[in-house]
Amino acid sequence: MLQEFAKTIHLAASPDAVWDAVNDVHRVASWLSIVREVRDVEPPRRYVALLEDRLGPFAMRADLDLAVERGARWMRVSAAGEDRQVASRIAATIELGVEPDGAGTSLGVTGRYEVTGRVATLGAGAIRKKGDRILQEFFASAGKELGGRGPSVEPVQSPSS
């Protein structure tokens with residue numbers, strides 16, 4: 001079950017402050033309640049994160065391998081993992097782009113995620129709804145820490161294009 005997304009949030013913080021925040025993998029992980037812990041493997045390129053969440057009747061617990069690639073004010077995070085208890089896999093690629101926006105900053109987030117296995121039997125609607133809630137939580141936390149001026153659902157260009 002492959003889902004794609006593209007959203008932007010406008011922040012009051014400077015582009016440097018936003019870039020510093022999103023570059024801190026542990027800080028960003030704290031913005032998501034489904035991420036229980038992040039362990040350094042080869043910082044700043046590789047990490048392992050424990051994802052725990054409930055989706056319908058399934059309680060997922062998966063170790064995700066995270067690979068981070070960075071450029072000038074953009075980053076790509078690739079994550080993949082498996083929950084053997086519920087025979088399901090999750091894979092995601094997320095790109096973040098930081099752009100000056102008047103007196104503040106626009107943070108664009110694009111990506112895709114795929115859930116396969118038993119959890120995928122819940123259907124695209126349930127998985128999309130959960131994904132949207134996780135993304136909203138990310139933007140709400142970023143906005144709280146960095147002076148959010150409101151998320152929007154306008155499409156954004158892929159930061160690495």
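Visitor: In the hairpin of strand 3 and strand 4, which residue takes a positive phi?
Guide: Keep in mind that this is a predicted model. Strand 3 and strand 4 run antiparallel and are joined by 10 bridges, with Arg54 partnered by Ala59 in strand 4. The hairpin has 2 residues between these strands, and the positive phi, near 60 degrees, belongs to Gly56.

Visitor: And in the hairpin of strand 4 and strand 5, which residue takes a positive phi?
Guide: Here 8 bridges join the two antiparallel strands, and Asp63 has Glu82 as its bridge partner in strand 5. With 3 residues between the strands, the one with a positive phi near 65 degrees is Arg73.

Visitor: Is Val48 buried or exposed?
Guide: Val48 sits in strand 3. Beyond its sequence neighbours, Val48 touches residues including Val38, Val41 and Leu64. The cut-off for buried is under 20% relative accessible area. Val48 has 12% relative accessibility, so it counts as buried.

Visitor: Where do the buried residues of helix 1 fall, seen down its axis?
Guide: The buried ones are Pro15, Val18, Trp19, Ala21 and Val22. Seen down the axis, they fall within an arc of 160 degrees, so they line one face of the helix. Their packing partners include strand 1, strand 5 and helix 3. In short, the place asked for is one face of helix 1.

Visitor: Over which residues does pLDDT stay under 50?
Guide: The chain averages a pLDDT of 89, and 92% of the residues score at least 70. Where pLDDT is low, the predicted coordinates should not be read in detail. The stretch where pLDDT stays under 50 is residues 151-161.

Methods
Residues are numbered from 1 along each chain as its sequence is written. This is a predicted model: local features need pLDDT of at least 70, side-chain atom pairs count only at pLDDT 80 or more; totals for chains, interfaces and linings use all residues. Side-chain values use heavy atoms; hydrogens and water are left out. pLDDT is the predictor's confidence in each residue, from 0 to 100. Contact means heavy atoms within 4.5 Å. Helices (H or I, at least four residues) and strands (E, at least two) are DSSP runs, numbered from the N terminus. Buried means under 20% relative accessible area, exposed over 50%, partly exposed in between (1.4 Å probe, protein chains only). The arc is that of the directions from the helix axis to the C-beta atoms. Two strands pair if DSSP finds at least two bridges between them. Lists of a residue's contacts leave out its neighbours within four places in sequence.
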